[in-house]
Amino acid sequence: LKRMSKKNIDFSGHGETAAVKRYLKDLNTNKKFYVDIGASDGVNSSSTLEFAKDDEWEGLSIEYDQEKFSKLKYIYKSFNNVHLLNKKVTPDNVELIFRNSNVPKDLTFINLDVDSYDLEIIDNILKSDFKPDIVSIEINEKIPPPIYFKVLFNEDHYWKGDHFYGCSLTAAKKEFSKFNYTLADFKLNNAIFVNSVKFPQTKNLDTLTAYNTGYRDVENRKDLFKYNKDVEVLLTLDDKKSVEFIKNLYKKYENMYELSIGEIDE
């Protein structure tokens, strides 16, 4: 991992880093700060490694898993401006973590991937007046528009390695829109939102177009997401049948999520 981290390639997996860099070109700022919540080992599927290596950036990489954090700490030990934190991030503590870590209100980029109540975490960040220029958030890609789905915060919940995690693209766009953010791009299972004030010319994608282009119609999607084979039928069902399918899929997680039929252009 240490050796890999020195390579000058996009480690994000599906091109998220490259997409973020396209928007960075339009920012007129010398001060760049990122926060990576769910940073893992800092290399595999990392959207922030390239920024962590760059002395023009400061950053905060947070990982809860002790083994992954140990790798992260070793790999990042030579990166001068990166702060590391071994902590579980929740909607209840995220504001305090940001304040204690001196995260600037006008930070440049947040990457969020905690495999659970991600949407409630970013919601509380934005409610706390932190205004990142760009946000990349993991999406539960198997749930198509216009289905609104999000995992609710539960202190005892953690990802069990199954289909129950995160939020749908429809849910993400609806919540980000409340804070004046634009859906700028969708990369298989990551949505990129940009601050509408900082990027007034960026087209606000509708969820169906973004989903079809960024996931459904991707040529090698089924190879990349082989674990979605048993839920592929969701892409063929009407909205009401999709809701019933999801309820049955998540029957052991009753009352731990929010589910409804949203607007097609959310």
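The paragraphs below go through a predicted model, from its pocket and cavity to its charged pairs, one covered helix and some backbone details.

Because the model is predicted, local features need pLDDT of at least 70 and side-chain atom pairs count only at pLDDT 80 or more, whereas totals for chains, interfaces and linings use all residues. Residues are numbered from 1 along each chain as its sequence is written, and side-chain values use heavy atoms, with hydrogens and water left out. Helices (DSSP H or I, at least four residues) and strands (DSSP E, at least two) are numbered from the N terminus.

Empty space is a convenient place to begin. Rolling a probe the size of a water molecule over the atoms shows where such space is left. On a 1 Å grid over the protein atoms alone, a pocket is an open set of points with protein on both sides within 12 Å along at least five of seven lines, a cavity is a set where a 1.4 Å probe fits but cannot get out, and lining residues have an atom within 4 Å of a point. Grid points are joined across faces, edges and corners, and a volume is the space filled by probe spheres set on the points. The largest pocket holds about 1,200 Å³ of space. It is lined by 45 residues, of which Lys68, Asp113, Val114, Asp115 and Trp159 are the closest to its centre. The elements that give two or more residues to this lining are β1 and β4 (109-112). As for enclosed space, the count comes to one cavity of 30 Å³ or more; the largest cavity has a volume of about 30 Å³, and its lining consists of Ile9, Asp10, Phe11, Thr17, Ser46, Ser47, Thr48, Leu49 and Glu50.

Asp41 is found in the loop between β1 (32-37) and α3 (49-52). It is buried (buried means under 20% relative accessible area, exposed over 50%, and partly exposed in between, with a 1.4 Å probe and protein chains only). Asp41 nevertheless has no salt bridge, and Lys71, the nearest side chain of opposite charge, is 5.3 Å away; here Lys and Arg count as positive and Asp and Glu as negative, while His and the chain ends are not counted. What the side chain of Asp41 does make is a polar contact with the side chain of Asn44, at 2.8 Å, where a polar contact is a pair of N or O atoms within 3.5 Å and, within protein, one must be able to donate a hydrogen and the other to accept it, residues adjacent in sequence counting only if both atoms are side-chain atoms. Leaving aside neighbours within four places in sequence, Asp41 is in contact (heavy atoms within 4.5 Å) with Leu1, Lys68, Lys71, Leu72 and Ile75.

Lys71 leads on to the charged pairs. The structure holds 14 salt bridges, each a side-chain nitrogen of Lys or Arg within 4 Å of a carboxyl oxygen of Asp or Glu. In one of them Lys71 meets Glu67 at 3.9 Å, N to O, and both residues lie in helix α4 (residues 66-75), four residues apart, about one turn of the helix. Lys71 is partly exposed at 35% relative accessibility, while Glu67 is exposed at 55%. Lys198 forms a salt bridge with Asp133, with the closest N and O atoms 2.6 Å apart. This pair links distant parts of the chain, since Lys198 is in the loop between β8 and α8 and Asp133 in the loop between α6 and β5, 65 residues apart. Lys198 is partly exposed at 39%, but Asp133 is buried at 3%. Arg22, Asp185 and Lys187 are linked in a network of salt bridges.

Helix α7 (residues 169-177) is mostly covered, with seven of its nine residues buried. Those buried residues pack against α6 (118-127), β5, β6, β7 (181-187), β8 (190-195) and α8 (207-216). Among them is Glu175, which is buried at 8% relative accessible area and meets Lys178 in a salt bridge at 3.0 Å, N to O; Lys178 is exposed at 57%.

The backbone completes the picture. Most residues other than glycine have a negative phi, and most peptide bonds are trans. Ser45 has a positive phi, near 55 degrees, and is exposed, with a relative accessible area of 55%. Asn255, in the loop between α10 (239-249) and β9 (257-261), also has a positive phi, of about 70 degrees, and is exposed at 70% relative accessibility. The peptide bond from Pro145 to Pro146 is cis, with omega near 5 degrees, and Pro146 is placed in the loop between β5 (134-138) and β6 (147-151).
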